[in-house]
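Student: I would like to go through this structure term by term. Each label should be set against its cut-off.

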Amino acid sequence: LASPAVVVEGWKHAPFSATRPDPAQQASDNDQNSWQWVQPGWLQPSSPVDGYVLYRTRFTPHVAVQQHGGRLRVGRLTGPAEVWLDGVKIAQTLAGDKTLDLLLPAKMQARDLAVLLTVPAGEEFGFRDVVTVSVE
């Protein structure tokens, strides 16, 4: 019997950038304008130029995942991307439309997750599917 997965929510993305942003960049608490709320599974409109978009969220896994670790599934990104967990790069993909199935190490606290996505000009971008956490 497979364990249930929990959808990771609360995603925001930084403004589109022609230069690679620092994956540690965070929105300030009073920034209500430049970072936009997004929902994985819905793509963002295309850009006229190549560039990058940084996505961030903070989530607290269920206690079993905090104690024993789990699986982090990042659903079908539209292009090359880096995945950062708590400030450490844990994955990189050079191709889009691929689900990343990653180990989520045990840690008894909230986690910071960032995805730095490379965006080609003229194409919608983002997560084609949701991001989930499940018990290992």
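The dialogue below takes up the sheet, the cores, the salt bridges and two single residues.

Tutor: One caution before we start: this is a predicted model.

Student: Fine. What is the strand order in the open sheet?

Tutor: The order is 3-2-4-9-6-7, in a sheet of 6 strands. The pairing is antiparallel.

Student: What makes strand 3 and strand 7 edge strands?

Tutor: Strand 3 (36–37) and strand 7 (88–93) each have a single partner strand, so one side of each is left without a neighbour in the sheet.

Student: How do you know that strand 4 and strand 9 pair?

Tutor: Pairing takes at least two bridges. Strand 4 and strand 9 have 9 bridges, in the antiparallel sense. The requirement is met, so they count as paired. Within this pair, Val 53 stands opposite Leu 117.

Student: And what joins strand 6 to strand 9?

Tutor: There are 5 bridges between strand 6 (residues 81–85) and strand 9 (residues 111–119), again antiparallel. At least two are needed, so this is a pair as well. Ala 81 faces Leu 117 of strand 9. Trp 84 faces Ala 114 of strand 9.

Student: Why is strand 9 called mostly covered?

Tutor: Of its 9 residues, 8 are buried. Buried here means under 20% relative accessible area.

Student: Which residues touch the most other members of the largest nonpolar core?

Tutor: Trp 11 and Tyr 55, in a core of 25 residues. Strand 4 (51–59), strand 5 (70–74) and strand 8 (100–104) are among the elements that give two or more residues to this core. Strand 9 gives the most, with 4 residues.

Student: What does Tyr 55 contact beyond its neighbours within four places in sequence?

Tutor: Its contacts include Trp 11, Val 38, Leu 113, Val 115, Leu 117, Phe 125 and Phe 127. Polar residues appear too, among them Lys 12, His 13 and Gln 44.

Student: Which residues are found in the second core?

Tutor: That core is separate and has 6 residues, including Ala 14, Leu 54, Trp 84 and Leu 116.

Student: Now charges. How many salt bridges are there?

Tutor: The count is 7.

Student: Why is the contact between Arg 20 and Glu 82 called a salt bridge?

Tutor: The closest N and O atoms are 2.5 Å apart. The limit is 4 Å, so the pair qualifies. Arg 20 sits in the loop between strand 2 (12–13) and strand 3, Glu 82 in strand 6, 62 residues apart.

Student: Are those two residues buried or exposed?

Tutor: They fall into separate classes. Glu 82 has 11% relative accessibility; that is under 20%, so it is buried. Arg 20 has 43%, between the limits of 20% and 50%, so it is partly exposed.

Student: What makes Arg 58 and Asp 112 a salt bridge?

Tutor: The N to O distance is 2.8 Å. That is within 4 Å, so the label holds. Arg 58 lies in strand 4 and Asp 112 in strand 9, so the pair ties together parts 54 residues apart in sequence. Arg 58 has a relative accessible area of 53%, over 50%, so it is exposed.

Student: How do you know that Arg 76 and Asp 129 belong on the list?

Tutor: Their N to O distance is 3.4 Å. This too is within 4 Å, so it counts. Arg 76, at 28%, is partly exposed. Asp 129, at 29%, is partly exposed as well.

Student: Which residues form a network of salt bridges?

Tutor: Arg 71, Arg 73 and Asp 101 are linked that way.

Student: Why is Thr 93 called buried?

Tutor: Its relative accessible area is 6%. The cut-off is 20%, so Thr 93 is buried. Thr 93 lies in strand 7. A polar atom of its side chain is 2.9 Å from the backbone oxygen of Ala 95. Farther along the chain, Thr 93 touches Gly 79, Pro 80, Ala 81, Lys 98 and Leu 100.

Student: And what makes Ala 64 partly exposed?

Tutor: Ala 64 has 32%, between 20% and 50%, so that is its class. Ala 64 lies in helix 1 (residues 63–68). Beyond four places in sequence, it contacts Gly 69 and Val 135.

Definitions and conventions. Residues are numbered from 1 along each chain as its sequence is written. This is a predicted model: local features need pLDDT of at least 70, side-chain atom pairs count only at pLDDT 80 or more; totals for chains, interfaces and linings use all residues. Side-chain values use heavy atoms; hydrogens and water are left out. A nonpolar core is a set of buried Ala, Val, Leu, Ile, Met, Phe, Trp, Tyr and Cys residues joined through side-chain atoms within 4.5 Å. Buried means under 20% relative accessible area, exposed over 50%, partly exposed in between (1.4 Å probe, protein chains only). Contact means heavy atoms within 4.5 Å. A polar contact is a pair of N or O atoms within 3.5 Å; within protein, one must be able to donate a hydrogen and the other to accept it, and residues adjacent in sequence count only if both atoms are side-chain atoms. A salt bridge is a side-chain nitrogen of Lys or Arg within 4 Å of a carboxyl oxygen of Asp or Glu.
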